[in-house]
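Reader: I am new to this structure and should be grateful for a close look at a single part of it. Please choose one helix and explain how it sits among its surroundings.

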Amino acid sequence: MRKFDKAYFKKEIKRASLVLITYWVALNSSALSYLLKNVFGLQEHPGVQLCIRLSLPLLVGLVLYYKDLARDADHAYYYHNLANYKDLMSGKKKSNFIWKYLRHMVMWIALAMVLQVVVAMLLEGYDQSLNQQELMEVFTSDFNIFTVISVSVIGPIVEEIVFREIMLRQASYFINEYVAGVISCVLFTLAHCSNWMDFVSYLPITVIITLVYFKEDHLVLNTMLFHVLYNSLVTFIMMQSF
């Protein structure tokens with residue numbers, strides 16, 4: 001948490017509000033639903049509808065936060081070069097930038113999958129959350145590239161902008177970052193559940209994403225990469241069931 005900056009606070013409230021309002025409207029607006037189904041004739045294509053809905057907050061979020069995300073890319077490369085310099089000074093081999101990050105993400109994903117298995121064993125008899133059931137219905141009724149992209153790429157990026165960029169990183173400028181981490185963690189979990197078993201089921205992956213943020217240089221691009229890879233793996237697993 002840095003010294004309170006009133007001007008920055010006002011700016012952040014404005015752009016965060018725009019993203020959050022767009023996010024809510026995209027997922028809950030009956031007017032948008034009517035428009036997509038009856039005007040554009042997408043009644044039989046829920047996957048395409050989902051893609052269009054998620055694209056709205058995606059575009060708004062990227063436009064308003066592109067500078068922050070671009071700095072993430074610069075910082076990631078800087079940290080990598082700094083680590084390489086230290087390795088060279090100590091006689092170690094230079095590491096590949098892309099391979100290093102993929103290796104880290106694979107380790108985090110493996111940990112997340114183990115935790116999910118443990119939770120599934122503890123919640124004996126628990127099947128799927130309402131959110132997962134709705135996604136499965138979309139997959140079975142309208143399986144196409146738009147559905148896959150929505151769940152694997154667009155959805156995770158939008159959620160990282162909302163829950164990690166806005167509710168964690170930006171909030172950390174005004175409150176303690178660990179308090180912001182807990183708040184974003186709880187809100188992200190609540191956004192995906194309808195009962196306490198859903199909450200317990202989603203909590204491990206939420207905690208892992210938050211840990212990725214804190215352990216991987218406080219960069220939202222890292223949580224985006226993890227979330228996209230994780231959802232892509234889950235999507236692949238879902239595809240095998242039908």
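**Helix α9 and its packing against α6**

Author: α6 passes α9 in a right-handed crossing. The model under discussion is a predicted one, and α9 is the part examined here.

The helix itself comes first. α9 covers residues 220-239. At 1.5 Å a residue, its 20 residues should span 28 Å, and the C-alpha atoms at its ends are 28 Å apart, so the expected and computed spans agree. Buried residues of α9 are V220, N222, T223, M224, F226, H227, V228, Y230, N231, T235 and M238.

The partner helix comes next. The axes of α6 and α9 lie 8 Å apart, and the two helices pack at an angle of about 150°. Angles over 145 degrees count as roughly antiparallel, and α6 is therefore roughly antiparallel to α9. On the α9 side, the residues that meet α6 are V220, T223, M224, H227, V228, N231, S232 and T235. The α6 residues facing them in this contact include V148, V151, P156, I157, E160, I161, R164 and R169.

Both helices also belong to a wider setting. The largest nonpolar core has 41 residues, and V162, I205 and F226 have the most contacts inside it. Among the elements that give two or more residues to this core are α1, α6, α8 and α9. The largest share, 10 residues, comes from α6. In general, nonpolar side chains tend to be buried together in soluble globular proteins. Leaving aside neighbours within four places in sequence, V162 is in contact with V19, L20, Y23 and M167.

Note on methods:
Residues are numbered from 1 along each chain as its sequence is written. This is a predicted model: local features need pLDDT of at least 70, side-chain atom pairs count only at pLDDT 80 or more; totals for chains, interfaces and linings use all residues. Side-chain values use heavy atoms; hydrogens and water are left out. A nonpolar core is a set of buried Ala, Val, Leu, Ile, Met, Phe, Trp, Tyr and Cys residues joined through side-chain atoms within 4.5 Å. Buried means under 20% relative accessible area, exposed over 50%, partly exposed in between (1.4 Å probe, protein chains only). Helices (H or I, at least four residues) and strands (E, at least two) are DSSP runs, numbered from the N terminus. Contact means heavy atoms within 4.5 Å. The expected span of a helix is 1.5 Å times one less than its number of residues. Axes are lines fitted to C-alpha atoms, for helices over the stretch in contact, and angles run from 0 to 180 degrees between N-to-C directions. Angles under 35 degrees count as roughly parallel, over 145 as roughly antiparallel, 65 to 115 as roughly perpendicular and the rest as oblique. A crossing is left-handed if the near helix is turned anticlockwise from the far one by less than a right angle, and right-handed if clockwise.
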